[in-house]
Amino acid sequence: MAEASPHPVPIQKLGAGESTAVLLRELVAHLRQSRTQLREEWARRITEAQLLTAMSKEEIFAEATAVYDNYVDVLETGAVEALQDYARNLSERIIPRGVETHEVVGIVLLLRDVLARSLFSKYRQDFDKLSRVLDAYEPAANRIGSTVAVSFVQERERIIREQQEAIRELSTPVLPVRERLLILPIIGMVDPLRARQLTEQLLRGIRTNRARVVVMDITGVPAMDATVANHLVQTVEASRLLGATVIVTGLSPELAQTLVNIGVDLSKMNTVGDLQGGIEEAERQLGYRVVPMMEEPPVQT
Amino acid sequence: MPSQEITVPVNADIDIVTARQKGRELARDLGFTSTDLALIATAISELARNIILYANSGEILLSVVENGTRRGLKVVARDDGPGIPDIERALEEGFSTSRSLGLGLSGVRRLMDEFDIVSEIGNGTTVTVKKWRL
Amino acid sequence: MQVPILKQRDYLIASIQAALTDADLLQLRDALVSQVGTYRSRGVIVDVTALDVMDSFAVRTLRDLAHMIRLRGAETVIVGIQPEVSFAMVQLGLTLEGVSTALDLEEGLAYLDKKLRTISAPPTSKKRG
């Protein structure tokens, strides 16, 4: 979990000693110098590992450049926020391309590895120095890796939530059929979250359409647990507070039993067998009378 | 973001309005939906009302809480009243919402995500509730 | 804070403008009960559009109000409950049972017209006050 800090906290505080700062600067300088070659190696290894297959070579290279520079910058400054922003931004772009979590984690670990190896070969003559360089590099690299991964996952979760919300809205349409009359056909399983969204949509619909009667058809609802049944009852009550009566249609005997079991007084609820009957009842309550039009007699030739 | 904590002393019925308005503002800053804002404000209103009905004085503490990536609102209603003798009974469905006594704790529990109550005879009552942003 | 009460034909209309303290609410209740007697009103509309919370006290007081006004021979309609507020109310188990409700002022007046026309015999004038 990344923490927010008011100013960039130098990562070397996690490491040991004051020489860490000096070491970091030195290795950052080296990584910047070797930028071209290391970046190419990284891009090559990404392709070899068959990651980011959804993107073209040019795209990978372009993103790789940005990631590399960001990575090295954060090594130097310790400014995790900038990295979080960049990671989220990157995620927003690549998630619709179908890039998955393991790919993002994979490429970050590859970069980490590419840079670590570069440090190995530079300092391998001086084991002691290599040790200290790695002490400086490791915690910083770990932090960068987890920041990027977490940001990606958070972004994914955000997108999924949005999509779920959209789906839920689409699946519970409130239909104004006649003046003052709304129909709410509910189809499919209703979970508590969907039930709540249903209620909110209906109440808003009652207000917008100035409905006096709502026909809520639950023919298409296979089953309901006590929690959702309670929501149903609450929806009816809340609608009444807005001045609208709710006629429930399509109540199967099983569902009726569930309601009775949780203590709902069905005689208080306005129920009609089917949707057709419900609409007729609603029209009656609204004072409509439906009269068939007289047919024109066929013209004699 | 700096952690915000607001304390509203509750001594008179006008404080009930203050407490729920402040709670609503804090919840709005957290990005709660308008429906959740109504639930939160109503819960705070009931908790504050209980303080007025059963104690000489008390306070409502409003604060932002975090749990991993989730953020939420915490409301603590503390009073110096006589305490609740039978908490189980007080939490019973429908107990007293229709009577002249205010309690309605079972209702408050329904409105919020987390609910906790500590009450000791002669030592006051503390109700802690939380609601998390989805 | 006083809630303004308007007289329209033989109805009284109280429009709540902002959050009310308990004392304000009780004062409104008493004022309406008293004025129903004074003006021999047959209907009372309480507009709660501006209330962002209806808690147990508000609901109880409105129920008492409707009851007391009925004892004086008049009908009460509560109008303007916001969707979010109604949701919170039912979650809390407050149902305003036995009290008529309507969407807004217009619906409230239509409701009273219809209900009182069926109760009383004399022809009502079509002009709106």
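**Exercise 1.** In this predicted model, work out how many residues of chain B are in contact with how many residues of chain C, and which helices of chain B supply at least two residues each to the side that touches chain C.

*Solution.* Start with the count: 21 residues of chain B are in contact with 17 residues of chain C. Next, look at where the chain B residues sit. Helix H1 (13-29), helix H2 (34-54) and helix H4 (105-111) of chain B each bring at least two of them. H2(B) gives the most, with ten residues. Finally, sort the chain B side by character: seven residues are nonpolar, nine polar and five charged.

**Exercise 2.** Over to chain A: what should helix H10 (residues 275-286) span at 1.5 Å a residue, and how far apart are its end C-alpha atoms?

*Solution.* H10(A) has twelve residues, so the expected span is 16 Å. The end C-alpha atoms are 16 Å apart, which agrees. Just past the helix, A:Gly287 has a positive phi of about 85°.

**Exercise 3.** Which residues of H10(A) are buried, and which are exposed on the other side?

*Solution.* Pick out the buried ones: A:Gly278, A:Ile279 and A:Ala282. Because they cover an arc of only 100° around the axis, they lie on the same side of H10(A). The general rule helps here: an α-helix has 3.6 residues a turn, so residues three or four places apart point the same way. Now see what the buried residues pack against: strand E2 (181-187), strand E3 (213-220), strand E4 (245-249) and strand E5 (270-272) of chain A. Flip to the other side of H10(A), and you'll find A:Gln276 and A:Arg284 exposed.

Methods
Residues numbered from 1 in each chain as written. Chains lettered and ligands numbered in written order. Predicted model: local features only at pLDDT ≥ 70, side-chain atom pairs only at ≥ 80, totals over all residues. Contact = placed C-beta atoms within 7 Å. Helix = DSSP H or I, 4+ residues; strand = E, 2+ residues; numbered from the N terminus. Nonpolar A, V, L, I, M, F, W, Y, C, P; charged D, E, K, R; others polar. Expected span 1.5 Å × (residues − 1). Buried ≥ 20, exposed ≤ 12 C-beta atoms within 10 Å, placed from the backbone. Arc of directions from axis to C-beta.
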